[in-house]
Amino acid sequence: MTTELRELYQQVILDHNKKPRNFHVLEGANRTAEGYNPLCGDQITLYLRLEDGVVKDAAFQGKGCAISKASASMMTAAVIGKPLDEVESLFQRLHTMLTGETGASGDGLGKLAVFAGVREFPSRVKCATLAWHTLHAALCGAAAPVSTE
Ligand code: ZN
């Protein structure tokens with residue numbers, strides 16, 4: 001990754017941390033899940049409104065580090081309006097980019113590719129994936145809070 005790209009990526013993450021998108025309780029949500037990353041202390045409550053297999057709306061609340069907040073912010077922005085199979089494939093791609101053995105490829109991830117840099121910091125990978133694991137739990141209807149541990 002070039003220095004220029006890295007700086008751009010950092011700016012995107014800092015911007016989302018400062019002005020998180022969809023950062024509120026969602027009225028009319030029909031799915032919610034809670035996620036917790038004890039390693040860092042990140043907490044997130046995710047709200048979704050699903051209709052006919054499509055994520056009509058998504059929002060979150062919580063506290064945590066810049067990466068966890070930016071990730072949740074960008075995740076909600078990325079999944080609104082998407083059918084569940086596309087949401088699932090985004091999650092799989094992001095997960096592979098962050099934890100796969102073959103190395104980071106941001107192909108098909110759009111802006112979410114900014115998290116590729118997190119791969120170099122294994123302790124922060126859980127910060128970046130917390131929102132996505134919580135999303136997964138909300139979609140699967142898991143009752144217990146999600147923990148990255
Ligand atoms: Zn964190």
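**Zinc site**

I began with the spacing of the zinc donors along the chain, which reads C-x1-D-x22-C-x61-C. This is a predicted model, so I kept that in mind throughout. Next I looked up the donor atoms themselves: SG of Cys40, Cys65 and Cys127, plus two OD entries for Asp42. They lie 2.2 to 2.7 Å from the zinc ion.

Are Cys40 and Asp42 buried or exposed? I found cysteine 40 partly exposed, at a relative accessible area of 34%. Aspartate 42 has 0% relative accessibility and counts as buried, because the cut-off for buried is under 20%.

**Cavity**

I then went looking for enclosed space. How many cavities of 30 Å³ or more are there? The count came to 1, and the largest cavity holds about 70 Å³. Asp42, which I had just met as a zinc donor, turns up in its lining, along with Gln43, Phe60, Lys63 and Leu130, among others. I noted that strand E2 (42-51), strand E3 (54-63) and helix H2 (66-79) each supply at least two lining residues. By type, the lining divides into 4 nonpolar, 4 polar and 3 charged residues.

**Core**

My last stop was the largest nonpolar core, which has 41 residues. Those with the most contacts inside it include Leu48, Leu98, Phe115 and Trp132. Helix H1 (3-18), E2, E3, H2, helix H3 (84-99) and helix H4 (122-140) each give two or more residues to this core. H4 gives the most, with 10.

I picked Leu98 for a closer look. Leaving out residues up to four places away in sequence, leucine 98 touches Phe115, Val118, Arg119, Val125, Ala128 and Thr129.

Note on methods
Residues numbered from 1 in each chain as written. Predicted model: local features only at pLDDT ≥ 70, side-chain atom pairs only at ≥ 80, totals over all residues. Heavy atoms only, no water. Donors = N, O, S within 2.8 Å, 3.2 Å for Na, K, Ca; no water. Buried < 20%, exposed > 50% of the residue type's maximum accessible area, 1.4 Å probe, protein only. 1 Å grid on protein atoms, 1.4 Å probe; cavity = no way out; pocket = protein on both sides within 12 Å on 5 of 7 lines; lining within 4 Å. Points joined across faces, edges and corners; volume = space filled by probe spheres on them. Helix = DSSP H or I, 4+ residues; strand = E, 2+ residues; numbered from the N terminus. Nonpolar A, V, L, I, M, F, W, Y, C, P; charged D, E, K, R; others polar. Core = buried A, V, L, I, M, F, W, Y, C linked by side-chain atoms within 4.5 Å. Contact = heavy atoms within 4.5 Å.
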